[in-house]
Amino acid sequence: MADHLMENYARLPIAPVRGRGCRLEDARGQSWLDFTAGIAVNTLGHAHPALTRAIAEQAGRLLHCSNLYRIPQQEELAARLAAASTLERAFFCNSGAEANEAAIKLARRFFHQQGQSRRTIITALGSFHGRTLATIAATGQEKVKQGFDPLPPGFVHVPFNDLAALEQAVDDTTAAVMLEPIQGEGGVRPAAPDYLAGVRALCDRHGILLILDEVQTGIGRTGTMFAFAQAKIRPDILTLAKGLGGGVPIGAMLAGEEVARAFTPGSHGSTFGGNPLACAAACCVLDQIDRLGLLAHCRTMGARLRQGLERIAATAPAGMPMEVRGRGLLLGLDCGRPVAPIIDAARARGLLLVAAGPEVIRLIPPLIITEEEIDQALAILAAALDDASRTKE
């Protein structure tokens, strides 16, 4: 049946049909410990009872209605995200790419409304902002752009963590700087200490906007609700998706009051964005993050996972120098060699992992992960590295 699917993904030879907590299982009963979480989506793991109940109850009342009408669940979610981020206004959509597309449009529209010609968005080399035409133009990786030209103009890329290069790129056409606090797809590369604060000051100095793409880092993934809190700054525009709905597709673009006013009725929209079902799921995810203390849990489990990865890196086989990067439960193990055989070996032993570039293993388990599951994953990863090392020999 897969013959009728487009070849967008290099699909693996497993087909999970059910999940529970941090484990996935196929129709034959074979199970895997899931350290991919649907690429940082399954905040509460699989089939979490509270999320399942919230979705079922909402589906029994109302799945969807147009944004032409008031949607109480959407208004509640917007208020809760505003309180958590200090950004007063929210626009809801269906994905991270759509959220970033909205952010780009809002930044340009903001200066248009002021009669200024600023339209250029500066982003970082190695970044990843989505798969639409505008967001691949924003992305600082050539591999995602091949064959899709002509791309929308108005994007400039500079080296990540290089404040001087960023300032040199700013001119009187610059509307915004758009960055990920941690480049996820780009190899789990965190912003250097004080870099984001320096970018914030630079944007203020030049009167331009700061857009933070927290599609992957947001909703507790790094141990705080948003990664920007750790830099003690406030962006002008913030984008979210992945973990927000715990598996139900939803994206969000938040902005401060003044910037948000650039969007007026008819200037932008989304048919499905922020419908009752998606917003009920997202509100449930926020409830459970509070009720279960998942921010503190993420920091504790992230530290345990990091320590284990550093032990593995310290005892790596000769010729396999390793580096551990990231924060909270968004960690990367740079193996300095292709990681596909290591990921295959881990899967064969019952652990699902995902790459972040050809040489980095990305570890992004559900935020409900336990100490025992982390220890089990580390043991499997160590064995998989040994398998891959012996295969090489």
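A pocket, on a 1 Å grid over the protein atoms alone, is an open set of points with protein on both sides within 12 Å along at least five of seven lines, while a cavity is a set of points where a 1.4 Å probe fits but cannot get out; lining residues have an atom within 4 Å of a point. Grid points are joined across faces, edges and corners, and a volume is the space filled by probe spheres set on the points.

Before you start: this is a predicted model, where local features need pLDDT of at least 70, side-chain atom pairs count only at pLDDT 80 or more, and totals for chains, interfaces and linings use all residues. Residues are numbered from 1 along each chain as its sequence is written, and side-chain values use heavy atoms, with hydrogens and water left out.

**Exercise 1. Describe the second largest pocket.**

Step 1: start with volume, which is about 620 Å³ for this pocket.

Step 2: go to the centre. The pocket has 22 lining residues, and the closest to its centre are Gln 74, Arg 89, Ala 90, Phe 91 and Phe 92.

Step 3: find the elements, where helices (H or I, at least four residues) and strands (E, at least two) are DSSP runs numbered from the N terminus. H3, strand E4 (89–93) and strand E12 (251–255) each give two or more residues to the lining. E4 gives the largest share, four residues.

Step 4: sort by class. Ala, Val, Leu, Ile, Met, Phe, Trp, Tyr, Cys and Pro count as nonpolar, Asp, Glu, Lys and Arg as charged, and the others, Gly among them, as polar. That lining has 11 nonpolar, eight polar and three charged residues.

**Exercise 2. Now look for cavities.**

Step 1: search the whole structure, and one cavity of 30 Å³ or more turns up. The largest cavity has a volume of about 40 Å³.

Step 2: pick out its lining, which includes Ala 40, Thr 43, Gln 216 and Arg 221. By class, the lining has three nonpolar, four polar and one charged.

**Exercise 3. Work out how H2 and H3 pack against H9.**

Step 1: take helix H2 (residues 49–61) and helix H9 (residues 276–291). They pack at an angle of about 155 degrees, with axes 9 Å apart; axes are lines fitted to C-alpha atoms, for helices over the stretch in contact, and angles run from 0 to 180 degrees between N-to-C directions.

Step 2: name the arrangement. Under 35 degrees is roughly parallel, over 145 roughly antiparallel, 65 to 115 roughly perpendicular and the rest oblique. H2 and H9 are therefore roughly antiparallel to each other.

Step 3: list the contact (heavy atoms within 4.5 Å). Among the residues making it are Ala 50 and Leu 51 of H2 and Pro 276 and Leu 277 of H9. This contact of H2 with H9 has 11 nonpolar, two polar and no charged residues.

Step 4: switch to helix H3 (residues 72–85), whose axis comes within 8 Å of that of H9, crossing at roughly 40 degrees. That makes H3 oblique to H9. Their contact includes Gln 73 and Arg 80 of H3 and Asp 287 and Asp 290 of H9. It divides into eight nonpolar, two polar and four charged residues.
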